[in-house]
Amino acid sequence: MTDIAIISGVGPEQGMGAQLAHRFAKLGLHVFVGGRTAASLDAVVAAIKRDGGKATAVLADATDEQATVALFKQARAVGPITLVIYNTGNNTPGRIEDMTAAFFENSWRVCCFGGFLYGREAVKHMKVDGGGTIIFTGASASLRGRPNFGAFNSSKGALRLMAHALAKEVGPDGIHVGHVVI
């Protein structure tokens with residue numbers, strides 16, 4: 001069985017998610033790319049296959065629990081999930097005093113809640129298969145607050161702390177969790 005990588009937040013071919021998908025496909029993993037834009041996902045998968053790699057596009061919103069659970073089940077049916085990269089994010093600038101609650105909550109759902117869903121599902125599958133690696137991509141916003149980025153800073157900071165807690169919980173199970181500031 002082929003090892004599986006699941007990468008969220010795959011958009012344009014030159015974007016971070018697509019480049020990560022190419023990299024891990026070249027290393028021999030069957031890459032499941034998740035995102036919300038079918039055309040972008042299909043372009044990435046076609047390029048990986050042209051280069052001799054294995055890839056599957058899955059149209060899925062990372063903040064949708066059922067879609068995330070289905071994505072992981074679909075990937076696991078192909079092979080053991082050994083790598084998960086949560087690259088979904090949204091740079092949501094704006095002054096806190098001018099933000100609606102929905103705007104702030106959406107930033108948190110995309111940056112942090114989706115990461116929680118991916119992390120939880122990854123752990124469920126990786127524990128059965130004896131380990132793996134989960135990587136959450138962050139930004140300098142993960143480390144400090146800046147004016148006009150209160151929603152984004154707090155969301156990325158929350159993702160970082162969730163990743164830290166998850167690492168401590170599942171490290172003894174052979175699951176490596178990293179948060180990478182890009």
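The points below set out what can be read from this predicted model of a single protein chain.

1. Overall fold. The protein chain contains five helices and six strands, and, followed from the N terminus, these elements are ordered β-α-β-α-β-α-β-α-β-α-β. The radius of gyration is 16 Å, close to the 16 Å that the globule rule gives for 182 residues, so the protein chain is as compact as a globular protein of that length. Along the principal axes, the C-alpha atoms of the protein chain occupy a box of roughly 50 × 40 × 30 Å.

2. Burial and long-range contacts. Of the 182 residues in the protein chain, 49% count as buried. When contacts with a separation of 6 or more are considered, 71% of them in the protein chain involve residues that lie 24 or more positions apart.

3. Surface and charge. About 8700 Å² of the protein chain is exposed, and carbon and sulfur atoms supply 55% of that area. The protein chain carries 18 positive and 14 negative charges, and the mean positions of these two sets are 5 Å apart.

4. Ala38. This residue belongs to helix α2, which covers residues 38-50. With a relative accessibility of 36%, Ala38 counts as partly exposed, because that value falls between the limits of 20% for buried and 50% for exposed. Ala38 and Ala60 are 22 residues apart along the chain, and their C-alpha atoms are separated by 9.3 Å.

5. Thr68. Helix α3, spanning residues 65-76, includes Thr68. The relative accessible area of Thr68 is 1%, so this residue is buried, the limit being under 20%. Leaving aside residues up to four places away in sequence, Thr68 touches Asp61, Ala62, Leu117, Tyr118 and Glu121.

6. Cysteines. How many disulfides does the model contain? The count comes to zero, and the pair Cys111 and Cys112 deserves a comment here. The closest cysteine sulfur to that of Cys111 is in Cys112, at 8.3 Å, which is too far for a bond because a disulfide requires the two sulfur atoms to lie within 2.5 Å. Seen from the other side, Cys112 is likewise in no disulfide, its nearest cysteine sulfur being that of Cys111, 8.3 Å away. Are these two cysteines buried or exposed? Cys111 has a relative accessibility of 0% and therefore counts as buried, while Cys112, with a relative accessible area of 8%, is buried too.

Conventions. Residues numbered from 1 in each chain as written. Predicted model: local features only at pLDDT ≥ 70, side-chain atom pairs only at ≥ 80, totals over all residues. Heavy atoms only, no water. Helix = DSSP H or I, 4+ residues; strand = E, 2+ residues; numbered from the N terminus. Rg over C-alpha atoms; globule rule 2.2 N^0.38 Å. Buried < 20%, exposed > 50% of the residue type's maximum accessible area, 1.4 Å probe, protein only. Contact = heavy atoms within 4.5 Å. Areas by Shrake-Rupley, 256 points an atom, 1.4 Å probe, with all protein chains shown as cover. Lys, Arg positive; Asp, Glu negative; His and termini not counted. Charge placed at Lys NZ, Arg CZ, Asp CG, Glu CD.
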